[in-house]
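Here is a short note for someone opening this structure for the first time. Please keep the sequence and the model side by side while reading.

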Amino acid sequence: MRGTDPFFVFRGDDLLLRKEGNPSLPGADEASLNDLPFLDLRHPDREGLSWAEVPLGTEAPEGMTFVSRRSLWGRLDESLFFLSGKAFHLMDWHRMNRFCGRCGHALADHPEEKALLCSSCDNVVFPVIAPAVIVAVERDGKILLGRSPHFPPGRYSVLAGFVEAGESLETTIIREIREEVGIEVQDIRYFGSQPWPFPRSLMVGFKARWKSGEIAIDGREIVDARWFSPEEMPDFPPSFSIARKLIEDFLKTHDGKGRGLP
Ligand SMILES: [Zn+2]
């Protein structure tokens, strides 16, 4: 651990940053952090990350400010953004698992595994990772994009949904697309994946092709959905999300006339 390594201090869902210049993190040796009322402090934790949680309402030290983690998407350097997501995931896992869910005894770090261990009943608790699928569906040179009610005005994106107990990723894709827009898909192909720490997801990206059905939105998770050609694209998510990469991949492989590029 070097003093210049980043120190991730969380207040609820906010992250502590330096005020001046581009968004940047305090270093692990930053003296002004010593007076913060830490609830939990790992400095460093067993993965070499320094992170801590402070109570809601805690004031930022001089020259620093607490910022919503979501607002840093696209503003913080990509590797630092995902490192802060990993630190948040681990911090959140610790704060949500202080006690054994089976017997109520306090949990402690497992001596060998990256896990927590109950010394009373031997229950082992690993970090929970919630997989979700995200899918670019294509039909005749157009891509299916939908609007969630939480999106900024004018924003559309590829459809996504959480994997439920007992499902394969393919089953989730077929169910989600059917539920949200009433469409059947085929030819499902893996695209790539990305951790998504809001708060503990793993987004697994796929491409698929339309099989049958016309768009019929559910009106709840999706308030609008359409087929977009490359020339008529709406506003879509900013850099380095897998949603963005799926949409850029579609644009890169289409010439705008409904044909895939060679
Ligand atoms: Zn127990």
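Strands here are DSSP runs of E with at least two residues, and helices are runs of H or I with at least four; both are numbered from the N terminus. The model is a predicted one.

1. **A cis bond before P44.** With those names in hand, start at P44. P44 sits in the loop between β3 (40-42) and β4 (50-54). The peptide bond from H43 to P44 is cis, and its omega is near -5°.

2. **A cis bond before P199.** The bond from F198 to P199 is also a cis peptide bond, with omega near 0°. Look for P199 in the loop between β12 (184-196) and β13.

3. **Domains.** The domain assignment splits the protein chain into domain 1 (7-96), domain 2 (98-128) and domain 3 (130-252). Between the C-alpha centres of domain 2 and domain 3 the distance is 36 Å.

4. **The zinc site.** Which residues coordinate the zinc ion? They are C100, C103, C118 and C121, each through its SG atom, at 2.3 to 2.4 Å. In sequence these donors follow the spacing C-x2-C-x14-C-x2-C. The pair C100 and C118 links distant parts of the chain: C100 is in the loop between α1 and β6, C118 is in strand β7, and 18 residues separate them. Both C100 and C118 are buried. The angles among the four donor atoms run from 100 to 118°, and the site is tetrahedral.

5. **H110.** The loop between β6 (107-109) and β7 (116-118) holds H110. Is H110 buried or exposed? Its relative accessible area is 12%, so H110 counts as buried, the cut-off being under 20%. Leaving out residues up to four places away in sequence, H110 touches R46, A115, L116, L117 and V124.

6. **The largest nonpolar core.** Nonpolar side chains tend to be buried together in soluble globular proteins. In this model the largest nonpolar core has 41 residues. The members touching the most other members are F8, F10, W51, F81, I143, L145 and V158. At least two residues each come from β1 (7-11), β2 (14-18), α1 (78-96), β7, β9 (130-139), β10 (142-147) and α3 (242-252). The most come from α1, which gives seven.

7. **F81 and a second core.** F81 touches R69, L72, W73, L76, W196, F198 and F240, not counting residues up to four places away in sequence. Apart from the largest core lies another, of 17 residues, including V163, I173, V204 and W227.

8. **Helix α1.** Does the length of α1 agree or disagree with what its residue count predicts? It agrees: at 1.5 Å a residue, its 19 residues should span 27 Å, and its end C-alpha atoms are 27 Å apart. The buried residues of α1 include F81, F82, S84, G85, A87 and F88. Others on that list are H89, L90, M91, D92, W93 and H94.

9. **Helix α2.** The same check can be made here. The 13 residues of α2 (residues 169-181) should span 18 Å at 1.5 Å a residue; the end C-alpha atoms are 18 Å apart, which agrees. Buried in α2 are T172, I173, R175, E176, I177, E180 and V181. Their cover includes β9, β10, β11 (159-162), β12, β13 and β14. Just after α2 comes G182, with a positive phi of about 70°.

10. **A216 beside the end of α2.** A216 belongs to the loop between β13 (201-212) and β14 (224-228). Its relative accessibility is 45%, so A216 counts as partly exposed. How far apart are A216 and G182 in sequence and in space? They are 34 residues apart in sequence, yet 5.2 Å apart in space, C-alpha to C-alpha. Setting aside neighbours within four places in sequence, A216 is in contact with E180, V181 and G182.

11. **Two positive phi values outside glycine.** D122 has phi near 65°, a positive value in a residue other than glycine. D122 is in the loop between β7 and β8 (124-125). With a relative accessible area of 57%, D122 is exposed. D140, not a glycine either, has a positive phi of about 50°. Its place is the loop between β9 and β10. D140 is exposed, at a relative accessible area of 68%.

Technical notes: Residues numbered from 1 in each chain as written. Predicted model: local features only at pLDDT ≥ 70, side-chain atom pairs only at ≥ 80, totals over all residues. Heavy atoms only, no water. Buried < 20%, exposed > 50% of the residue type's maximum accessible area, 1.4 Å probe, protein only. Contact = heavy atoms within 4.5 Å. Core = buried A, V, L, I, M, F, W, Y, C linked by side-chain atoms within 4.5 Å. Domains from an automatic or database assignment. Expected span 1.5 Å × (residues − 1). Donors = N, O, S within 2.8 Å, 3.2 Å for Na, K, Ca; no water. Tetrahedral: all angles 85-135°; square planar, octahedral: opposite > 155°, others 65-115°.
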